[in-house]
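Dear colleague,

I am passing on the structure below, and after it you will find my notes on what turned up when I went through it. Please read them with the coordinates open beside you.

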Amino acid sequence: MGCVHCGRVVEPAFRYCPWCGAVQRRKLVDFFPGHPTIDPGRALRVSRYVATRDQEPHVRFSVWDESGEARGVVSLTEDEAERLGLFLRLGRGTRRLRDAVERLVAR
Ligand SMILES: [Zn+2]
């Protein structure tokens, strides 16, 4: 496999390119467990693929079932993933606002 930065051959086990020192990480992955009562046992895996010489940056979402199999996959552009992040943060802000209003009303 080629170095993500300089393109020279790098063994897959190497985390850094021995020629230029660039980190060879191509993606970051995290798991998010499903809602405990709505989707127990299921999970969302999110993989952020970084831009390399041979890879377009994107974010890939996969839904995993109770048996550990991926049941659906979709990849978003970085712009759409950013929009998703804003959408999720907006929801939190709305909940905080609603909580603040409820606290005021309760007084
Ligand atoms: Zn390199």
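Tyr 49 has His 58 in S3 as its bridge partner, and His 58 in turn stands opposite Thr 77 in S4. Please keep in mind throughout that this is a predicted model. The strands behind these contacts are S2 (residues 43-49) and S3 (residues 58-64), which pair in the antiparallel sense over seven bridges, while S3 is also joined by seven bridges to S4 (residues 70-77), again running antiparallel. Between S3 and S4 the hairpin has five residues, and Gly 68 takes a positive phi near 85° there.

The zinc ion has as its protein donors the SG atoms of Cys 3, Cys 6, Cys 17 and Cys 20, lying 2.3 Å from it, and along the chain these donors follow the spacing C-x2-C-x10-C-x2-C. The angles among the four donor atoms run from 104 to 119°, and the site is tetrahedral. As for accessibility, Cys 3 counts as buried because its relative accessibility is 3%, under the 20% cut-off, whereas Cys 6, at 26%, counts as partly exposed because that value falls between the 20% and 50% limits.

Lastly, there is a nonpolar patch on the surface, formed by Leu 97, Val 101 and Val 105, which together have about 300 Å² of accessible area. Leu 97 lies in helix H1 (residues 78-106), and with a relative accessibility of 57%, over the 50% limit, Leu 97 therefore counts as exposed.

Best regards

Note on methods. Residues numbered from 1 in each chain as written. Predicted model: local features only at pLDDT ≥ 70, side-chain atom pairs only at ≥ 80, totals over all residues. Heavy atoms only, no water. Donors = N, O, S within 2.8 Å, 3.2 Å for Na, K, Ca; no water. Tetrahedral: all angles 85-135°; square planar, octahedral: opposite > 155°, others 65-115°. Buried < 20%, exposed > 50% of the residue type's maximum accessible area, 1.4 Å probe, protein only. Patch = residues over 30% accessible without salt bridge, like charges linked within 9 Å, V, L, I, M, F, W, Y side chains within 5 Å. Areas by Shrake-Rupley, 256 points an atom, 1.4 Å probe, with all protein chains shown as cover. Salt bridge = Lys/Arg side-chain N within 4 Å of Asp/Glu carboxyl O. Helix = DSSP H or I, 4+ residues; strand = E, 2+ residues; numbered from the N terminus. Pairing = 2+ DSSP bridges.
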